[in-house]
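Q: Please take one part of this structure and go through it slowly with me, as I am new to reading models. I would like to know what surrounds that part and how it joins up with the rest.

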Amino acid sequence: MEKTEKSIALKRQKREAEQTNKLFIGVLNFETAEESLRNCYQQREELRDCVVLRDPSSQRSRRCGFVTFSSMTEVDEMPTGPHSIDGIVLEPKHVSQKQHLDSGVFFGH
């Protein structure tokens, strides 16, 4: 039983650490693909993942996505100022793990 509790705690810590390295990108253009989002945020090789959320049945963009960096330092070093893709000014927000888990819904801060 102890081994299971430890492995669960380690997985939770890893997931929480990853969440702090993640930005929620709201209000994307319907035409924006992962490649465009990646090109906008990949300043160096530290970008780990890039996802545009899509409706499961239609595969149409939900006009938002997530960008995950290798460390919180990378998130903090992102140039400030407006970024735009496909004619839309992006609204990046840090993912808050606690708010996400408490409500079941994402909230940025």
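A: Let's start with the labels: helices (H or I, at least four residues) and strands (E, at least two residues) are runs assigned by DSSP, and they are numbered from the N terminus. With those labels, D86 sits in the loop between β4 (84-85) and β5 (88-89). We will come back to D86 later, but the part I would like to look at closely is β1, residues 22-26.

A word on the model before we go in. This is a predicted model, and the average pLDDT of the protein chain is 80, with 78% of the residues scoring at least 70. Residues 99-103 deserve more caution, as pLDDT stays under 50 there.

Now the overall layout. The protein chain contains four helices and six strands, and along the sequence they come in the order α-β-α-β-β-α-β-β-β-α. So where does β1 stand in terms of cover, buried or exposed? Five of the five residues of β1 are buried, so the strand is largely enclosed by the rest of the structure. For the protein chain as a whole, 30% of the 109 residues count as buried.

Look next at which way the side chains go. In a regular strand, side chains alternate between the two faces of the sheet. In β1, K22, F24 and G26 point one way, while L23 and I25 point the other way, and all of these residues are buried.

Which strands pair with β1? One is β3, which β1 meets in the antiparallel sense over five bridges; F24, for example, has F66 of β3 as its bridge partner. Another is β6 (residues 91-94), which also runs antiparallel to β1 and is joined to it by four bridges. Here you can find G26 bridged to E91.

Follow β3 and you reach a further strand. β2 (residues 47-54) pairs with β3 (residues 61-69) over six bridges, again in the antiparallel sense, and L47 has F69 as its bridge partner in β3. These two strands make a hairpin with six residues between them, and in that turn Q59 has a positive phi of about 65 degrees.

Let's turn to the packing of side chains. In soluble globular proteins, nonpolar side chains tend to be buried together. In this model, the largest nonpolar core has 15 residues, and I25, L37, Y41, V67, F69 and L90 have the most contacts inside it. β1, α2 (34-41), β2 and β3 each supply at least two residues of that core. L37 shows nicely how these pieces meet: beyond its neighbours within four places in sequence, L37 is in contact with residues including I25, C50, V52, F66 and V67.

C50 brings up another point: how many disulfides does the structure hold? There are zero disulfides. C50 is buried, with a relative accessible area of 5%, and C40 is buried too, at 14% relative accessibility. However, no bond joins C40 and C50, because the sulfur of C40 is 9.2 Å from that of C50, its closest cysteine sulfur, and this is too far for a bond.

Finally, step out of β1 into the loop that leads to α2. V27 is found in this loop, and V27 has a positive phi of about 60 degrees although it is not a glycine. At 34% relative accessibility, V27 counts as partly exposed, whereas the residues of β1 are buried. A33 lies in this loop as well and is partly exposed at 31% relative accessibility. Leaving aside residues up to four places away in sequence, A33 touches V52 and R54.

A33 also takes us back to D86. These two residues are 53 apart in sequence, yet their C-alpha atoms are 9.7 Å apart in space. D86, like V27, is not a glycine but has a positive phi, in this case about 50 degrees. With a relative accessible area of 40%, D86 is partly exposed.

That is the tour: an enclosed strand, paired with β3 and with β6, and contributing to the largest nonpolar core.

Conventions: Residues numbered from 1 in each chain as written. Heavy atoms only, no water. pLDDT = per-residue confidence, 0-100. Contact = heavy atoms within 4.5 Å. Pairing = 2+ DSSP bridges. Disulfide = S-S within 2.5 Å. Buried < 20%, exposed > 50% of the residue type's maximum accessible area, 1.4 Å probe, protein only. Core = buried A, V, L, I, M, F, W, Y, C linked by side-chain atoms within 4.5 Å.
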